[in-house]
Structure formats: C-alpha cells, structure tokens
Amino acid sequence: MALIVVGIAWVAGLTAGAALGAPWWTGGAWTIAAAPALVLAGPLKGRYLLVAACVVAALTAGWRLGSTNEPGTSWLEGIDHEVVLTAVVHSEPDRGETTTAYVVSVASVELEGEALPAGGRVLVYLSQYTELLPGDTITVEGAVGEPPVFEGFDYRAYLAQRGISATMFRPRLLKQEGGEPSVGRWLTAQRLRLDRSLQRSLPEPEASLAAGIAFGRDDGLSREAKEQFNRSGLRHLVAVSGSNVSLVVALTYAVAIPTIGRRWAWLPAALTLAAYLGAAGLSASVMRSGIMAGVLLGGSVVGRPQSGLPALFAAIICMTAVAPALAYEAGFQLSATATAGLLTFSPWLSHWLLRATGRPSWLALPHWLCESLALTVAASLATAPVMWVTFDRFSIVSPVANAIVQPAFALAFWASMVTSVLGIVSRDLGEISGTVAYYPLAFITTSAEALGSPRWAAADSPSWGAPAALAAYAALGTAAMAAYRYRPPGGVEPLAVTRRRARWSRFSIGGAIGVTAVAVIPISILPQGGPGALVVTFLDVGQGDAALVTTPNGRQILIDGGPSGTELARELGQVMPHWDRTIDAVIATHPQEDHIAGLPAAYSRFRVGNAYGNGRTNATASYQALAAQAPGAGLLGQGDVLEFDGVRFEVLWPPAGFIAEELNDTSLVIRVTYRNRSILFTGDSEEPVHAALRDSGDLPADVLKVPHHGSKTTASWFFAAVHPAIAVISVGEANIYGHPHVDTLSALQGASLYRTDTDGRVTLQTDGTTIRVWTER
C-alpha cells in the first residue's frame with residue numbers, strides 16, 4: 001500500500017507540470033496539503049515517514065520533468081534560404097498521402113557553402129517511395145522552417161515534445177548511405193516486411209487496421225477513418241499503447257480460462273504479449289506498453305489482479321525517472337490509466353455483470369463475455385479523461401463501441417499476426433489467411449464508421465478540459481482505491497446458472513459463425529463470377545486520374561493511378577472484392593505524377609498482369625519506382641487494340657513515333673467500347689491533340705472522361721464534337737489550379753456531369769445498351 005501512495009504522489013508531481021504547466025514544486029505543495037489526511041488514514045507506525053516519502057517523490061518528479069531539455073535547432077534562427085543538411089535517420093517511415101516522413105538527427109548544416117553549428121532533430125518529408133531505415137545517413141537540399149500551427153491543433157508544440165523544432169518538405173535527396181547493422185535496425189526492417197505482407201494480403205482499410213492492431217502502424221488509415229475511430233472511442237485499438245496490448249492480453253487470458261483452465265491460461269496470454277513485442281519492434285514505446293501488459297498479466301496470474309497495482313506504480317516511477325518527458329505523451333498516459341483501470345475496476349465490473357446476468361432464468365451471459373465487457377468498460381472509463389484532453393473531444397458511444405468490437409478485436413489481432421507472417425512465407429498463404437482475417441477487421445471498421453458517424457457520437461471538450469480531467473481522475477482514483485482495498489466476494493454459482501451460461505456461450509458463438517457464413521455469400525462468393533456487364537469506376541484519388549474498368553467476366557484493367565499510392569489502395573479496396581489481389585492490366589496514359597505516382601503501390605500490393613504506357617519517361621522518384629516495378633511495359637500507339645471479354649480498348653493517340661516536348665501532348669487517348677456503348681479516356685490531352693482527333697473523325701462517344709481535369713486547355717468545340725451523354729471530371733477538391741475551369745463547365749451543360757471532387761467515386765455500368773450511373777456521395 002505504501003508504494004501505491006508514494007506512486008500517487010509521484011504522479012501528482014508529474015501531472016502538475018504536464019497537464020497544467022505549473023511550477024515544478026506544485027505537486028509537492030499538493031502533497032503537503034494532503035498530509036493531514038495521509039497521517040490520519042495511515043497506520044500509526046511509520047505514517048510520518050510515509051508522508052515525507054510522498055513529499056520527496058512529488059518534488060522529485062516535478063523537478064525531473066522541469067529539468068528536461070530537448071535538443072534544439074539553434075541554427076534554424078534567421079534562415080530563409082535553402083540549406084544542405086546531412087543527418088542520420090532516427091525513426092521508421094511515416095506514410096502520408098504523397099510523402100514519407102522521417103525524423104532525422106542533424107549532423108551538419110551548410111548554407112551557401114558555409115558550415116553552421118548543427119544538432120537537434122528535423123522532420124523531413126521525402127517522396128512516398130523513399131525507403132530508409134534507422135541509422136541511414138542522408139544528405140538533402142531544400143528549405144527548412146518551423147512547423148506550422150493549425151487552427152485547433154498546435155502542431156509545433158506537438159513536435160517540440162518529441163524534440164523536433166524544424167521541418168523540410170520535399171527536399172532533394174542528394175545522397176543516401178546505409179547504416180551500421182543493429183538490433184533496432186533489423187527489427188524495424190522486419191516490421192516493415194510484415195506491414196508489406198499485410199498490404200499484399202488485405203485490401204484497405206483492413207490492411208492498415210491490421211497493421212495498427214498487430215504492431216501499431218496506423219499511418220495508412222485515412223483522415224476520415226481515424227476521425228471515425230476517434231469519435232467512436234476506438235482509436236486506442238490502432239496505437240502502440242498499453243491500453244491496446246493490455247486488452248489483447250487480458251482478453252486472451254479471460255477466454256483461455258474456460259478453455260484450458262486458470263492454471264495454464266497465462267501461457268497463451270504471455271505468448272500474445274511476446275508476439276506483440278516482437279512484431280511491434282521493441283521500440284521504447286512498445287516496451288513501455290509491454291511492461292504495462294506484463295503488470296496486468298502478473299496480477300491476474302497470482303489470482304488477484306489488484307495486486308499488480310504496486311507494480312504498476314513502480315513501473316511508472318522507474319520509467320518517468322529515466323525519461324520524464326513520457327509524462328507529456330498521450331500513449332504513455334493511455335497505457336498507465338488503462339492498466340490501472342483494468343487492475344482495479346474490471347474485477348468488480350465482472351463480478352457485477354456475472355451477478356446481474358445470473359439471476360434471470362432467461363439470461364445468463366457467458367463468463368468470457370462478461371469478462372470482455374468488464375475489461376472494455378474498465379479501460380474506457382479509465383482512459384476517458386485522457387482521450388478528451390488529447391483529442392479535444394470525448395466519445396459518447398465509446399463504452400458501447402468497445403463492448404461490441406472487443407470480442408472481434410482479439411480475433412483480429414491473431415488473424416493479423418498470422419496473415420503478416422504467412423504472407424512473408426508465401427504470397428498465396430498470405431492471401432488465403434487474409435481472406436479469413438478480413439471479416440473481424442471489416443467488422444471493426446464498419447462498427448467504427450457506423451458508431452462514429454452520427455453527430456451525437458462525440459462531443460467537444462470544454463475549454464477547461466485539463467482541470468476537468470484532473471477532477472475526474474480524483475474521483476476515479478478514490479473509487480479505484482476502494483476497489484483495490486476490497487476484493488469482490490467469491491462464491492459458487494448454482495449448477496443451473498452455469499448450464500445456462502454454457503448454452504448462451506454456444507448460442508452466441510454459433511450465431512456469430514452463422515452470421516459470418518451468411519455474410520460470405522454476398523461479400524465473397526457472388527462477386528467471383530464478375531458483374532455480368534461492363535463497369536467503369538472513376539476513382540476519387542484527388543488531383544489526378546485513375547479509373548478501374550471491370551469486364552463482364554470480372555477482368556480488371558486500371559487506367560492511371562493518381563498522385564498517391566496510399567489513396568489509390570484505399571479506393572481499390574472499396575471497389576474490388578476483398579479476396580481479389582489481381583489486376584489484369586495497367587495502362588499509364590503518360591508519366592506525370594498525377595497519373596502514375598500511385599501505380600508503384602498497385603504493383604507492390606497486387607498481382608499485376610500486363611503493363612502498358614506511351615514510351616515516354618520522367619525523372620521523378622515515382623516514375624523510377626514504377627519503371628523498376630514494370631521493366632517490360634508494352635508500348636501503345638495509335639491503331640493498337642486490346643480486348644478483354646469482348647471489351648475493346650482502341651488507342652486513338654499518339655501516332656507511332658510521335659515526339660513532343662510537352663508530356664500532355666503524348667498522353668494516350670483510348671476509346672473503350674462494349675457492344676453499342678463507348679467511353680473516351682482522354683488523359684491530359686489538350687487542344688492540338690483534339691484537333692488531330694477531330695480530323696480523323698474518332699471523337700464521338702457516349703461517355704467522356706473530360707481532358708486534363710476540366711482545365712481551360714480544351715476548346716468548347718471538342719465537347720460538341722464528342723457530344724457525350726455523360727461527362728466525368730476527375731479532379732481534386734479545392735485544388736490549387738482552379739480546376740475545373742468555368743468555361744469547361746459551361747461547355748458541358750448539355751451532358752450529365754459528374755465530378756470526383758463533389759461526387760466522390762463515380763461508377764457507371766452498361767450492358768452495351770443502357771448506362772446506369774451512381775456516385776459515392
């Protein structure tokens with residue numbers, strides 16, 4: 001008990017500075033103010049010594065936090081020119097839409113040939129296909145500046161807590177050198193291999209969710225998906241935190257007890273913990289999470305989960321004494337509070353649930369379900385104040401959402417782990433396992449979307465969020481101490497209740513299996529025969545072009561890939577069957593970033609058949625990555641024809657041997673025909689190309705993919721010559737180019753017009769006679 005009280009004083013010393021920004025001695029003052037209560041509450045012997053230890057602990061914690069100095073970048077001050085920076089990679093890659101970010105430790109800085117004092121860390125945004133490992137050395141040239149401050153989010157302060165005070169966006173990568181072998185470097189490489197294995201085996205967003213659950217890599221989730229997870233209170237499932245791994249370990253332990261007995265139930269739980277630590281890479285945050293989960297498991301194994309509470313406070317004191325800046329990290333806060341809640345509240349919640357559900361003759365929930373619900377509610381309750389301060393809101397539906405997904409969460413964890421490993425051994429095995437893993441993962445994503453979408457699902461935190469959170473933790477701490485001191489009463493249930501619980505267990509498991517089996521028919525079985533008609537989906541990839549053509553028998557041809565590999569993968573994950581990891585052909589109209597930058601990701605995630613292009617090259621990193629993925633791409637030109645399942649792809653432009661300085665003028669123009677209906681894909685072609693096509697008489701079409709994102713480079717006579725019934729503009733929302741141009745919109749008034757920036761994905765289906773169109777929004 002004494003260690004717990006001292007631990008609370010230590011946490012008070014940290015909280016005063018981390019949450020309120022108070023002077024370092026504030027926690028000690030709080031402890032002194034609480035001294036009379038400690039004296040009266042403690043045993044007569046040693047009570048004054050305990051009070052003194054608490055005061056010392058609070059003052060020491062506050063002093064350690066206040067003395068933390070993160071390395072700065074003094075050389076940044078006054079610099080408004082480009083610099084040449086040599087640095088050592090400090091982090092693993094963090095994927096964005098069109099970039100990959102790395103935290104680097106600066107070794108040298110050069111400004112206009114003059115060496116400057118170096119030091120500190122910089123966040124560098126490189127090409128989305130740049131692959132680096134911790135320990136690599138890079139030399140980059142570009143502009144450097146302070147991180148921005150966004151409305152509602154102080155990004156600069158967030159990075160400063162991680163010791164980062166400067167950013168570089170898309171600098172030129174001048175040199176790259178591999179680092180020395182190390183355990184951390186090897187583990188990061190293996191973790192990235194597991195991540196790539198999931199990308200090959202699962203569609204998006206399930207692949208990113210699997211990586212988040214298994215080893216904390218949630219960077220592939222879209223902003224919208226992350227927002228839904230935040231609003232539904234499920235974001236902790238995809239973070240490297242003790243709340244995540246502790247729940248997995250606790251659920252595994254709870255389910256194992258009725259299966260193999262309490263004596264051996266710790267073994268699968270320990271294996272789960274070991275698997276997580278290995279897959280997540282043994283980084284500092286992962287090890288902290290492992291310590292928290294180990295504390296919880298140790299308390300459960302000895303038969304009194306609350307007994308892990310002293311060990312928890314000992315771990316908190318040791319970790320923050322060594323690295324006091326942990327007190328600022330939301331992941332550490334969630335780890336500590338979730339573990340404390342699981343240790344103190346879950347036994348009582350489980351007891352109450354078992355007691356409440358054991359009375360009615362018609363309801364006796366299974367032990368494992370009661371344990372799962374108790375763990376979920378305990379973790380959600382304990383982490384709620386941290387969540388509302390960290391994300392400036394609190395989820396109203398969090399307890400319900402967590403209660404619904406937790407049984408599937410444990411399955412998703414193990415299915416994700418198995419899929420990632422099997423995918424490395426064999427791509428076929430990974431895809432088979434991914435087909436199974438898809439269902440619990442899709443259940444979680446669907447639940448997050450359904451529960452996080454309503455406006456009332458979450459509420460904004462009040463402006464006094466931190467003080468309110470501290471008040472909430474004062475109340476929760478009082479309740480937790482009571483739960484710690486008094487163990488739930490034991491007892492043996494009547495045999496009739498035990499039998500009813502067993503029947504409910506069989507019913508719930510059988511029902512879940514039955515519902516899944518029924519869902520397999522429309523989700524996995526029916527799509528295997530193909531749509532029976534021509535389906536063309538114009539993907540919403542932002543400011544770029546990408547369209548998936550699906551033939552009646554299910555063959556798939558991808559025309560262009562947009563500017564982002566991550567966004568292309570998300571879009572394909574929404575329109576392709578989850579088990580289908582094959583694209584029959586890829587056609588790149590021309591090698592500009594907004595058309596081909598996403599294609600290397602398609603090659604890395606899917607089995608791609610034939611590749612085609614116009615023969616032109618580009619010096620961009622994306623094109624180099626694509627050329628490496630598809631070294632033998634076929635050359636298409638005017639007069640060439642491809643045919644898939646009776647669908648004809650006829651190339652109208654450019655002529656053989658055509659040469660032009662402007663890449664847009666070389667863009668492939670392709671007419672796709674199925675029976676009596678045609679679709680004209682125009683890439684980024686402009687007026688000179690259109691004039692040549694008009695002279696050849698090849699323009700009329702039922703559907704027009706409007707050239708060059710609807711820019712003003714297309715004359716109105718071209719639209720009149722094509723005379724489409726349907727026109728589609730592939731364009732990014734609020735793009736900097738002002739696309740589509742007002743003149744283009746005016747010229748298309750006679751057609752049914754669809755835009756990816758306002759309508760999202762645009763899908764049309766034709767049987768060769770009629771055309772049906774629907775949109776995402």
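**Exercise 1. Work out which hand the crossing of helix 2 and helix 4 has, and how the two helices run relative to each other.**

Step 1. Start with the handedness: helix 2 crosses helix 4 in the right-handed sense. A crossing is left-handed if the near helix is turned anticlockwise from the far one by less than a right angle, and right-handed if clockwise. The elements themselves are DSSP runs numbered from the N terminus, helices being H or I with at least four residues and strands E with at least two.

Step 2. Get the geometry. Helix 2 covers residues 26-33 and helix 4 covers residues 47-66; they pack at about 160°, and their axes are 7 Å apart. Axes here are lines fitted to C-alpha atoms, for helices over the stretch in contact, and angles run from 0 to 180 degrees between N-to-C directions.

Step 3. Classify the angle. Helix 2 and helix 4 are therefore roughly antiparallel (under 35 degrees counts as roughly parallel, over 145 as roughly antiparallel, 65 to 115 as roughly perpendicular and the rest as oblique).

Step 4. Find the residues that do the touching. On the helix 2 side they are G27, G28, T31 and I32, and these meet C54, V55, A58 and L59 of helix 4. Contact means heavy atoms within 4.5 Å.

A quick word on the ground rules: this is a predicted model, where local features need pLDDT of at least 70 and side-chain atom pairs count only at pLDDT 80 or more, while totals for chains, interfaces and linings use all residues. Residues are numbered from 1 along each chain as its sequence is written, and side-chain values use heavy atoms, with hydrogens and water left out.

**Exercise 2. Lay out the sheet with strand order 17-18-19-20-21-22-23 and say which strands stand at its edges.**

Step 1. The sheet is open, has seven strands and shows mixed pairing. Two strands pair if DSSP finds at least two bridges between them.

Step 2. The edges go to strand 17 (641-644) and strand 23 (752-755); each has a single partner strand, so one side of each is left without a neighbour in the sheet.

Step 3. Check the twist: on average, neighbouring strands of this sheet are turned by 20° against each other, direction ignored.

Step 4. Zoom in on one pair. Strand 21 (residues 703-705) and strand 22 (residues 726-729) are parallel partners over three bridges, and K705 sits opposite V728 of strand 22.

Step 5. Add the helix. Helix 23 (residues 687-696) lies across strand 18 (647-653) and strand 19 (669-674), at about 115° to strand 18.

**Exercise 3. Do the same for the sheet with order 16-15-14-13-12-11-24-25.**

Step 1. This is an open sheet of eight strands, again with mixed pairing.

Step 2. Strand 16 (634-635) and strand 25 (771-775) are at the edges with a single partner strand each, so one side of each lacks a neighbour in the sheet.

Step 3. For a parallel pair, take strand 14 (residues 582-587) and strand 15 (residues 607-613), joined by five bridges. V586 stands opposite A611 in strand 15.

**Exercise 4. Hunt for backbone oddities: which peptide bonds are cis, and which non-glycine residues have a positive phi?**

Step 1. Recall the background: most residues other than glycine have a negative phi, and most peptide bonds are trans.

Step 2. Cis bonds include E204 to P205, with omega about 10°, and H739 to P740, with omega near -5°. P205 is in the loop between helix 6 (183-201) and helix 7 (206-215), and P740 is in the loop between strand 22 and helix 25 (742-747).

Step 3. Positive phi turns up at D560, about 70°, and at A734, about 55°. D560 belongs to the loop between strand 13 (556-559) and helix 19 (565-575); A734 lies in the loop between strand 22 and helix 25.

Step 4. Compare their surroundings. D560 is buried at 2% relative accessible area, whereas A734 is exposed at 75% (buried means under 20%, exposed over 50%, partly exposed in between, with a 1.4 Å probe and protein chains only).

**Exercise 5. Describe the setting of S524: is S524 buried or exposed, and what does S524 touch?**

Step 1. S524 is part of helix 18 (residues 495-525).

Step 2. With 8% relative accessibility, S524 counts as buried.

Step 3. Leaving aside neighbours within four places in sequence, S524 is in contact with Y439, H578 and W579.

Step 4. The side chains of S524 and H578 also share a polar contact of 2.6 Å. That term means a pair of N or O atoms within 3.5 Å; within protein, one must be able to donate a hydrogen and the other to accept it, and residues adjacent in sequence count only if both atoms are side-chain atoms.
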